[in-house]
Each structure stands twice: as C-alpha cells, then as structure tokens.
Amino acid sequence: MTSAIEPISCAATAPPGGHYSAAAAYGDLVFISGQLPIPADGGHLADQAFDIQARQALENLLAVAAAAGSGPDSLLKVTAYIVGVENWPHFNRVYADMLGDHRPARAVVPVPELHHGYLIEVEAVSIRQPRPSV
C-alpha cells in the first residue's frame with residue numbers, strides 16, 4: 001500500500017471549479033469530491049428537472065470513480081445533498097436505476113440550496129478495484 005495521497009483528475013467531467021481535485025486516493029481508498037450536475041463541456045443544467053440533474057451528477061461521480069480505478073460496485077459510501085426533501089424519492093429511483101443491485105452505505109441530506117442553483121450534489125468513498133497482474 002502506498003503512503004502518498006494521489007490527486008485524481010478526470011477528463012470525462014468538467015474540471016473542478018475550485019481548489020480541489022476530482023478525487024484523492026490513499027492506497028486503495030478513493031475519496032470522490034462533490035459532483036454537481038455539470039456536463040463535461042461545462043454547460044449548466046440548473047434549469048433542468050431534478051431527475052436529469054441527479055442522473056448527470058451520478059454519471060460524473062461514476063466517471064471520477066473510473067478515472068481512479070474504481071467502479072460502481074466498489075462504492076463504499078455515497079452522500080447526496082439534495083434541495084428539497086420532496087426530491088428524495090426521485091433521487092432514490094435514479095440512484096437505484098444507476099447502481100442496480102449494489103447497495104453501498106448512503107446518506108441523503110436535504111439542504112436549502114446548492115451552488116449555482118443546482119438541486120443535487122453527490123460525493124463518495126470507494127475502493128480501487130484490483131488491477132490484473134501482468
């Protein structure tokens with residue numbers, strides 16, 4: 001196990017909008033920064049329905065996980081910040097659709113607002129998948 005903290009970047013998502021990495025890895029653990037529903041081209045979806053925003057935020061999260069050598073079945077813990085508790089069932093439906101049978105630990109936190117007027121932000125802790133031996 002390495003003892004260095006490795007910053008992770010992801011070409012499949014928009015670059016971070018602040019002083020942080022898309023994720024940071026330490027050994028086999030991957031800490032994925034909060035992902036807003038921003039497409040890779042940097043466009044904004046704040047005016048879109050919650051379900052569309054949720055799917056984009058989760059796609060971003062999974063893209064960052066992949067860039068770190070992880071995947072959906074390796075998620076250990078997901079935290080979702082959602083504007084409006086009434087969006088919880090919508091989030092749960094999109095989340096279940098995207099993760100299938102995998103059920104990592106999870107928290108859904110209702111918040112009054114998010115940056116740029118978005119309705120969701122998701123972050124996660126994951127583990128790197130074993131790399132095949134050569």
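**Strands, a pocket and two buried loop residues**

Strand 1 (residues 5–8) and strand 2 run antiparallel and are joined by four bridges. This comes from a predicted model, so treat what follows as a reading of that model. One pairing to pick out is Pro 7, whose bridge partner in strand 2 is Ala 24.

Strand 2 also pairs on with strand 3 (residues 29–35), again antiparallel and again through four bridges. Here Ala 25 is the residue to look at, as it stands opposite Val 30 in strand 3. The hairpin made by strand 2 and strand 3 has two residues between the strands, and Gly 27 takes a positive phi near 65 degrees there.

The side chains of strand 2 (residues 23–26) are worth a closer look. In a regular strand, side chains alternate between the two faces of the sheet. Strand 2 shows just such an alternation: Ala 23 and Ala 25 point to one face and are buried, while Ala 24 and Tyr 26 point to the other face and are not buried. So the bridge partner of Pro 7, Ala 24, is on the face that is not buried, whereas Ala 25 is on the buried one.

Turning to open space, the largest pocket holds about 300 Å³. Its lining comes to 15 residues, and those closest to the pocket centre are Pro 15, Pro 16, Gly 17, Tyr 20 and Ile 38. By type, the lining of this pocket splits into seven nonpolar and eight polar residues, with no charged ones.

Of that central group, Ile 38 can be followed further. Ile 38 is in the loop between strand 3 and helix 1 (50–67). Ile 38 counts as buried because its relative accessibility is 18%, under the 20% cut-off. Setting aside neighbours within four places in sequence, Ile 38 is in contact with Ala 14, Gly 43, Gln 56, Asn 60 and Tyr 118. As for Arg 106, 68 residues separate it from Ile 38 in sequence, and the C-alpha to C-alpha separation in space is 22 Å.

A second loop residue, Asn 87, is found between strand 4 (75–83) and helix 2 (88–99). With a relative accessible area of 10%, Asn 87 is buried too. The side chain of Asn 87 reaches back to the backbone oxygen of Val 83, at 2.7 Å. Beyond neighbours within four places in sequence, Asn 87 is in contact with Phe 50 and Ile 82.

Note on methods
Residues numbered from 1 in each chain as written. Predicted model: local features only at pLDDT ≥ 70, side-chain atom pairs only at ≥ 80, totals over all residues. Heavy atoms only, no water. Buried < 20%, exposed > 50% of the residue type's maximum accessible area, 1.4 Å probe, protein only. Polar contact = N/O pair within 3.5 Å; in protein donor to acceptor, adjacent residues only side chain to side chain. Contact = heavy atoms within 4.5 Å. Pairing = 2+ DSSP bridges. 1 Å grid on protein atoms, 1.4 Å probe; cavity = no way out; pocket = protein on both sides within 12 Å on 5 of 7 lines; lining within 4 Å. Points joined across faces, edges and corners; volume = space filled by probe spheres on them. Nonpolar A, V, L, I, M, F, W, Y, C, P; charged D, E, K, R; others polar.
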